[in-house]
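Reader: Please take one part of this model, the largest pocket, and go through it closely. Where does the largest pocket lie, and which residues line it?

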Amino acid sequence: MSLFDKFLPIQEARNELLKSGVNPFHITVEKIISPTEAIFNGRKTILVGTNNYLGLTFHPDSILAGQQALAQEGTGTTGSRMANGSFASHKELEKAIADFYGAPYAIVFSTGYQANLGVLSALAGPGDTILIDGDSHASIYDGCRLGGAEIIRFKHNDVTDLEKRLRRLGDRSYRTLIVVEGIYSMLGDRAPLAEIVEVKKRHGATLIVDEAHSLGVLGQHGRGLAEETGVEQDVDCIVGTFSKSLGSTGGFGISFHPEFELIRYTSRPYIFTASPCPSVVASTRATIRVIQAHPELRQQLWTNSRHLYEGLTKSGYILGAEVGPIIAAMIPNKELALAMWQQLLENGIYVNLMIPPATPNGECLLRCSVSAAHTQKQIEKIISAFADLSHVTQTSISPAHVQPDATLN
Amino acid sequence: MMSYSEILPQLFDTLKPFTKQGFRLKEQTELVAELGLDSLQVMQVLLKIEDHFDISIPLNNLPNIRTVKDLGEEIEKLLKG
Ligand SMILES: Cc1ncc(COP(=O)(O)O)c(C=O)c1O
């Protein structure tokens, strides 16, 4: 027995996938052409699985800002902000994100994953409790673990279950952090935030919302679900990422609590890693300006989302319940999902294949993420590629008959 | 306050629907290995148990729970508060 033996089942699973021709979890983008197009296997492909919600990865302002910073500030910071000092641009980015949220305190992290690790582990430690939604992103689970608090899971989007668990905590609810997401990344559903806020107030708990997939997508100014719901003042902290609608990399936390500022001195994922590189910081700042100046991008995103949602519904697909930029078609089993995913790729459409254990309720999903940069023609192509999939299903049933099996709900 | 010996029969009853026909639950029964529960079913079992005993089992404690006995002892501990 060696350390490496535990990889055997993974190797077997991978070999099984490889038998089918491509490995959906290790695919190469040979050339990226635009926010919505790339070359895979020598073929021009429409991207509808990249979380590039506002389609800003090639925005000229963001590219120019990045190029200038690269030339003026160099390729990297070569260390942490605590040891090497903050570049002025780090502080300017923090100011920009704080202003965007109208919040006094903001801290930038090197990735969104680290933002969750950094904020959650600093806020809740031994003796504290964290209540997390059962469908939480891995970075939330990992952040909770890093802090050493007691972790309790509540049923996905179930406020009754949440409240029950707060009640069970008794007085400990005052030292409890509730963690939810604005839009859940797999099925695109939203947290029932107004009710969650009520419950958290009733029990004196603290609430943090991860707006990774809702920043730039929800709310009048694109600040996310808390803005859309009108409860920003009642949310204690927001975390988010620059890697989706802002098209760069990095993460952040904002808060109205002055103590938030002190996380810098205690948060290991902030202290013990190199600070974001200058070009990334500059591009991110430029893109924040772009989304502030162009609310019509968000409208376009929603128009495109409705278009795709309606098209796939008409073709008979069973989708996540809420219309939005994350549109996930539920497929009855893994083999079928893989075959359909491959056929889509061969027809020039890239979506995300999502299978358990990464998915809620053991679902198999063909997950689309819509972009404001998709043209109407591209959306129509995506719809017709999905509609054409009927011949992939071995029994040659039409997608209209593709029903998730009974255990799914 | 419920003792372990009072918890055990209730725990058997709660787990029963998740076992195959004719399976005899014992204190030493391994929850995942012997009952063949996948991660989804584990979550369903936990929810049922948590509601039945009106407790929340922290995720931190799950790695230490392998058998029915472990689970019973955990419930006893949580009920003591
Ligand atoms: C809900 C959620 N939080 C955090 C992250 C991490 O963000 P990043 O990719 O910037 O590390 C993601 C996405 O990967 C996410 O979906």
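Author: What follows describes the largest pocket and its lining. This is a predicted model, in which local features need pLDDT of at least 70 and side-chain atom pairs count only at pLDDT 80 or more, while totals for chains, interfaces and linings use all residues. Residues are numbered from 1 along each chain as its sequence is written, chains are lettered from A and ligands numbered from 1 in the order in which they are written, and side-chain values use heavy atoms, with hydrogens and water left out.

The largest pocket has a volume of about 1400 Å³. A pocket here is an open set of points on a 1 Å grid over the protein atoms alone, where a 1.4 Å probe fits, with protein on both sides within 12 Å along at least five of seven lines; lining residues have an atom within 4 Å of a point. Grid points are joined across faces, edges and corners, and the volume is the space filled by probe spheres set on the points.

Domain 1 (3-34 + 295-408) and domain 2 (60-293) of chain A both contribute lining residues, so the largest pocket lies between them. The domain bounds come from an automatic or database domain assignment. There are 47 lining residues, and the closest to the centre are A:Gly134, A:Asp135, A:Thr359, A:Pro360 and B:Met43.

α6 (138-147) and β6 (150-154) of chain A, and α3 (39-53) of chain B, each supply at least two lining residues. The largest share, seven residues, comes from α3(B). Helices (H or I, at least four residues) and strands (E, at least two) are DSSP runs, numbered from the N terminus.

By class, the lining has 23 nonpolar, 14 polar and 10 charged residues. Ala, Val, Leu, Ile, Met, Phe, Trp, Tyr, Cys and Pro count as nonpolar, Asp, Glu, Lys and Arg as charged, and the others, Gly among them, as polar.

For chain B, the mean pLDDT (the predictor's confidence in each residue, from 0 to 100) is 92, and 100% of its residues reach 70 or more.
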